[in-house]
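Work through the two exercises below with the sequence and the structure side by side, and try each task before reading its solution.

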Amino acid sequence: ERLALIAGGVGLIAAAGLDPAPLRSSLCLAGGAAALWGALRIDARRGEGRLFPARAFRPSDPAGAALLMVLCMSFALVSFNVFAPVMLMRLHGLPPMAAGYVMAAVPAGWSTTAVLASSLPPRHDPRAIAIGMCLVALSLPLLALTVPSGPPAAVALVAAMEGAGFGLCWTFLLRRARAFAGPGDAPRVAASIPTTQQLGFASGAAFAGLASNAAGFAAGADAETLRNVARTVYLAPLPAAALGLWAMSRFVRAPAPDGAPDGSRG
């Protein structure tokens, strides 16, 4: 039942972009959000059979704020993976392999930064998470500037910055969120973070499809239309990124729980 509601919610968000119209698209988006909210409400009543930890996605709870942050940032940034390859090929004339190299800058930045930052002690977790998430959020407006106008090397640089932001904070996000988990919820928190990331990717890709169709994306679209589409798909998720940054601030400013190293004050 919960999984069906989640799948239905993402499907409704995707349906909103198939043939954009103000009333129908708004109803689909509202229905999708309601289905996802309903899935969380049902899950919260399942006791030990819950998929998510208690108070999931509630910004008043540090672990809940961490999940909200992951959801929002994944929602906002997936548009790069969805649309950058076609924009690089159609706007900048890159062959598919070269476009793939540009896209590979994200995992390269992620892996490199994760290795370099892996030895940071727990007291630096809040700072690493804050810097990483700020880099991730900053990549959205920079993508809106570089993907339409180029050059591809600038797109690759921004992509590497996005990956570096995730790589800087991901391990420390997991460590800090587990420290705030309630009794018996630490395994759920650890499992919920990648699940939440995939949920954000799925719903964000559906929203990006809605934004691109509303901006006029089509197989025969001219270069100026494609530039407008590129700007739209990277600027439209900015409110989600802003919400993610707010959730991040709630997460990193929370005093460390008893027995955990307190890095919340720097």
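**Exercise 1.** In this predicted model, determine which residues of α3 and α9 meet, and then describe how the two helices are arranged.

*Solution.* Begin with the contact itself: Ser79, Phe80, Phe83, Ala84, Met87, Arg90 and Leu91 of α3 meet Ala223, Leu226, Arg227, Val229, Ala230, Val233 and Tyr234 of α9. Sorted by class, the residues of this contact comprise 11 nonpolar, 1 polar and 2 charged.

Next, turn to the geometry, since two packed helices are described by the angle between their axes and the distance between the axes. The axes of α3 (residues 62-92) and α9 (residues 223-235) come within 11 Å and cross at roughly 160°. Because angles over 145 degrees count as roughly antiparallel, α3 is roughly antiparallel to α9. Finally, the handedness completes the description, the crossing of α3 and α9 being left-handed.

**Exercise 2.** Locate the largest pocket, and establish which helix supplies the largest share of its lining.

*Solution.* The largest pocket has a volume of about 730 Å³, and among the 28 residues that line this pocket, Leu36, Trp37, Leu40, Phe57 and Leu71 are the closest to its centre.

The second step is to assign the lining to helices: α1 (2-15), α2 (22-44), α3, α8 (186-214) and α10 (238-253) each contribute at least two residues. The largest share belongs to α2, with 9 residues.

As a last step, consider the chemical character of the lining of the largest pocket, which divides into 22 nonpolar, 1 polar and 5 charged residues.

Key: Residues are numbered from 1 along each chain as its sequence is written. This is a predicted model: local features need pLDDT of at least 70, side-chain atom pairs count only at pLDDT 80 or more; totals for chains, interfaces and linings use all residues. Side-chain values use heavy atoms; hydrogens and water are left out. Axes are lines fitted to C-alpha atoms, for helices over the stretch in contact, and angles run from 0 to 180 degrees between N-to-C directions. Helices (H or I, at least four residues) and strands (E, at least two) are DSSP runs, numbered from the N terminus. Angles under 35 degrees count as roughly parallel, over 145 as roughly antiparallel, 65 to 115 as roughly perpendicular and the rest as oblique. A crossing is left-handed if the near helix is turned anticlockwise from the far one by less than a right angle, and right-handed if clockwise. Contact means heavy atoms within 4.5 Å. Ala, Val, Leu, Ile, Met, Phe, Trp, Tyr, Cys and Pro count as nonpolar, Asp, Glu, Lys and Arg as charged, and the others, Gly among them, as polar. On a 1 Å grid over the protein atoms alone, a cavity is a set of points where a 1.4 Å probe fits but cannot get out, and a pocket is an open set with protein on both sides within 12 Å along at least five of seven lines; lining residues have an atom within 4 Å of a point. Grid points are joined across faces, edges and corners, and a volume is the space filled by probe spheres set on the points.
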